[in-house]
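Please walk through this protein with the chain in view. The path goes from one helix to the sheet, then to the metal site and the aromatic rings.

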Amino acid sequence: MMGSARTIAQVILGLSIALSSTGQVPASASAPAKPADEEGALRAFAAIHPIDVHVHVFKTDPAFQKMLEGLNVKLLNILVMDDTLPYRKQLRPQIDDALALVRSSRGHIALCTTFDPYKLDSASFGADAIKQIDRDFAQGAVAVKIWKNIGMEIKDNRGQYIMADDPKFEPIYKDIVSHGKTLMTHQAEPDVAWGPPDASDPSWSYYQENPQWYVANQPGFPSKQRILEARDHVLANNPQLRMVGVHLGSMERDLDSIASHLDKYPNFAIDTAARMEYLMLMPPEQVRAFLIKYQDRVLYGTDLDLLSDANLPDALKDWQSTYARDWKFLATGETFNVEGKQAHGLNLPQTVLQKIFRNNAIRWIPGL
Ligand SMILES: [Zn+2]
């Protein structure tokens, strides 16, 4: 199995070198050459017509569009309301820009919209949110996102943190169900946000750059368990609501807990966005068994972004190396380096890869 995969990779690599030397693969100024060992992985990735259900793209560019077309990849672009960033503070311009991006993408980008939870105390909050979401659905949005500011930032008028199961959100969840759309939930954060500093944790550098989300030692701050239980109430109260818990459902260190959630809530699936490294650092046989058992419930996502001020060559390199690395991990038996440690490819069967990289996205997020 491994031998034949390697042979194919070598053949492909050989082919690409041959094409380059005859000048048939032009090296454009904005599309940097890929390291040779990524070529085979990216070709196999592209052959499956993958869907990345978790990205944040704020601009377009011919070189970016060309990359999407070359990789046959479709993206679900997720909007977030974040009152700490000027651009993410305003919803309307984000939606307008995102819809323009969808229209210019020739079928390569779809939209996951959101609503403004900072307006929770307005008397018309629910009605306004539903009106806006329905308008976005009519324009092609396929899903709705709630973010970690619910549970970890926004407080009600009594000074209490609002949770995902707040009754004010219920009409919105019902509206999503009535339109046959999907709710993407980013609730809570990795365990390390509540724990002692841990430089070995794949998310630790995020908290060094974003200390406002590092909540250890904050008296009275909701526990991670309380936030995830509120999310679980939404699943239990809305059995018709399809929910994708992004970032491994924030259970990034506990496959047993993910499994018991998937067993308990048939309307729940997870994405892998920004948490693949946790899987890479677990015992490979356990991860492989988990992914085979729950092959219908895991969606491939990355959390890659393209910011408006992005340096395109750097961004393209980042996107391609992430896709190549993730493909190597799930699809091959190769050994590679993650955070200074060795990771082993899972060599998953092709039928499982087809589901994780594509079919599950279509089934859990209809319209993609
Ligand atoms: Zn994200």
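A residue counts as buried when its relative accessible area is under 20%, as exposed when that area is over 50%, and as partly exposed in between. Keep in mind that this is a predicted model.

Start with helix H6, residues 125-138. It has 14 residues. From its first C-alpha to its last it reaches 20 Å, close to the 20 Å expected at 1.5 Å a residue. Which residues of H6 are buried? They are Phe-125, Gly-126, Ala-129, Ile-130, Gln-132, Ile-133, Asp-136 and Phe-137. These buried residues pack against two helices, H5 (91-104) and H8 (170-178), and against two strands, S3 (109-114) and S4 (143-146). After H6 comes Gly-140, with a positive phi near 115 degrees.

Now turn to the sheet. Nine strands form it, and it is open. Their order is S8-S7-S6-S5-S4-S3-S2-S1-S9, with parallel pairing. At the edges are S8 (298-299) and S9 (304-306), and each of these pairs on one side only. Strands of a sheet pair through backbone hydrogen bonds, either parallel or antiparallel. Take one pairing as an example: S5 (residues 182-185) and S6 (residues 242-245) run in the parallel sense over four bridges. In one of these bridges, Thr-185 has Gly-245 of S6 as its partner.

Helices pack on this sheet. Helix H10 (residues 224-237) touches S5, S6 and strand S7 (268-271). The direction of H10 makes about 155 degrees with that of S6. Helix H15 (residues 312-331) touches strand S1 (51-57), strand S2 (74-78) and S9. Its direction makes about 160 degrees with that of S9.

Next, the metal. Which protein residues are donors of the zinc ion? They are His-54 (NE2), His-56 (NE2) and Asp-303 (OD), lying 2.1 Å from the ion. Along the chain, the donors follow the spacing H-x1-H-x246-D. His-54 lies in strand S1 and Asp-303 in the loop between S8 and S9, so this pair ties together parts that are 249 residues apart in sequence. Are these two buried or partly exposed? His-54 is buried, because its relative accessibility is 0%. Asp-303 is partly exposed, because its relative accessible area is 25%.

The loop between S1 and helix H3 (62-71) holds Thr-60. Thr-60 has a relative accessible area of 42%, so it is partly exposed. Leaving aside residues up to four places away in sequence, Thr-60 touches Leu-101 and Ser-104. Thr-60 and Leu-307 are 247 residues apart in sequence, yet 9.4 Å apart in space, C-alpha to C-alpha.

Last come the rings. The whole structure has 21 aromatic pairs. One of them joins Phe-290 and Tyr-294 in a tilted arrangement, 5.2 Å centre to centre with 40 degrees between the planes. Both of these residues are buried. Another pair is Trp-319 with Tyr-323. This one is edge-to-face, 6.1 Å centre to centre with 75 degrees between the planes. Both residues lie in helix H15, four residues apart, about one turn of the helix. Trp-319 counts as buried because its relative accessibility is 0%. Tyr-323 is buried too, at 0%. Ring pairs also link Trp-319 and Tyr-323 into a cluster with Phe-45, Phe-64, Tyr-300, Trp-327 and Phe-357.

Key: Residues are numbered from 1 along each chain as its sequence is written. This is a predicted model: local features need pLDDT of at least 70, side-chain atom pairs count only at pLDDT 80 or more; totals for chains, interfaces and linings use all residues. Side-chain values use heavy atoms; hydrogens and water are left out. Two strands pair if DSSP finds at least two bridges between them. Contact means heavy atoms within 4.5 Å. Axes are lines fitted to C-alpha atoms, for helices over the stretch in contact, and angles run from 0 to 180 degrees between N-to-C directions. Donors are N, O and S atoms within 2.8 Å of the metal (3.2 Å for Na, K and Ca); water is not among the atoms, so sites may look incomplete. Buried means under 20% relative accessible area, exposed over 50%, partly exposed in between (1.4 Å probe, protein chains only). The expected span of a helix is 1.5 Å times one less than its number of residues. Rings of Phe, Tyr and Trp (its six-membered ring) pair if their centres lie within 6.5 Å; planes under 30 degrees apart count as stacked, over 60 as edge-to-face and the rest as tilted.
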